[in-house]
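Please walk through the following model from its overall make-up to its sheet, its helices and a few single residues.

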Amino acid sequence: MELTVISYGSGEILKSLFTSVAMLMNKDSGDLIRPLMILSGSIGGVWIATKAMFSGDVQSLLSKYFLPLLLASGVLMVPTTSVTIEDIIQNRSYRVDNVPLLLAKVSELFNTIGYQLTKGVEKVMHTPNDPGYLETGMI
């Protein structure tokens, strides 16, 4: 699955941003994220075990702490996708692989909304060299 992010200039900066996130989140060479996930999972596990020992409600602890931990790491961070960055101003296209799916989907969603709004405004507004602008002026 390939997602598209549209840029009005600065496509190279977006490419660098997505590439750096992909490098950090890569399971083979992710030198930062994997130790942090292990550390936070260990601290969370000790916290869950301590709370489970002092309160008798193990079921709610599993649903409050353990399942969100699994969802956050397994569903949101592990799946990756490819992102194509289309720079409209420079008429260039960049491709970045192994971007986390959540980041790619949110980027594409907000980018698509902004792009469609921009297209709508450009369609309605006139530039000073348009024949319609020359006939009607600023109206």
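What share of the contacts in the protein with a separation of 6 or more is accounted for by residues 24 or more positions apart? Such residues account for 56% of these contacts, a contact being heavy atoms within 4.5 Å. The model is a predicted one, in which local features need pLDDT of at least 70 and side-chain atom pairs count only at pLDDT 80 or more, while totals for chains, interfaces and linings use all residues. Residues are numbered from 1 along each chain as its sequence is written, and side-chain values use heavy atoms, with hydrogens and water left out.

The protein has five helices and three strands. These are DSSP runs numbered from the N terminus, with H or I and at least four residues for a helix, and E and at least two residues for a strand. Along the sequence they follow the pattern β-α-α-α-β-β-α-α. Of the 139 residues, 20% count as buried. Buried means under 20% relative accessible area, exposed means over 50%, and partly exposed lies in between, with a 1.4 Å probe and protein chains only.

The sheet comes next. Its three strands form an open sheet in the order 1-2-3, with mixed pairing; two strands pair if DSSP finds at least two bridges between them. Strand 1 and strand 3 stand at the edges with a single partner strand each, so one side of each has no neighbour in the sheet. Neighbouring strands are turned by 25 degrees against each other on average, direction ignored. Axes here are lines fitted to C-alpha atoms, for helices over the stretch in contact, and angles run from 0 to 180 degrees between N-to-C directions.

Strands of a sheet pair through backbone hydrogen bonds, either parallel or antiparallel. Strand 1 (residues 2–7) runs parallel to strand 2 and is joined to it by six bridges. Within this pairing, Val5 stands opposite Ile85 of strand 2. On the other side, seven bridges join strand 2 to strand 3 (residues 92–100), and these two run antiparallel. Ile85 stands opposite Tyr94 in strand 3, and the bridge partner of Glu86 in strand 3 is Ser93. The hairpin of strand 2 and strand 3 has four residues between the strands, and Asn91 takes a positive phi near 55 degrees there. Strand 2 (residues 80–87) is largely enclosed by the rest of the structure, because six of its eight residues are buried.

Helix 1 (residues 11–25) packs on the sheet and touches strand 1, strand 2 and strand 3, its direction making about 20 degrees with that of strand 3. This helix has 15 residues and reaches 21 Å from its first C-alpha to its last, close to the 21 Å expected at 1.5 Å a residue; the expected span is 1.5 Å times one less than the number of residues. Gly11, Phe18, Ala22 and Met25 are its buried residues. Seen down the axis of helix 1, they fall within an arc of 70 degrees, so they line one face of the helix. The arc is that of the directions from the helix axis to the C-beta atoms. The face turned away from the buried side carries the exposed residues Ile13 and Met23.

Helix 4 (residues 101–124) also lies across strand 1, strand 2 and strand 3, running at about 45 degrees to strand 1. Its 24 residues should span 34 Å at 1.5 Å a residue, and its end C-alpha atoms are 35 Å apart, which agrees. Ala104, Glu108 and Asn111 are buried in helix 4, and the buried residues of this helix pack against strand 1, strand 2 and strand 3.

How many aromatic pairs does the structure hold? There is one, where rings of Phe, Tyr and Trp (its six-membered ring) pair if their centres lie within 6.5 Å, planes under 30 degrees apart counting as stacked, over 60 as edge-to-face and the rest as tilted. The rings of Tyr8 and Tyr115 have centres 6.3 Å apart and planes at 35 degrees, so the pair is tilted. Tyr8 lies in the loop between strand 1 and helix 1 and Tyr115 in helix 4, 107 residues apart, and the pair thus links distant parts of the chain. Tyr8 is partly exposed at 38% relative accessibility, and Tyr115 is partly exposed with a relative accessible area of 21%.
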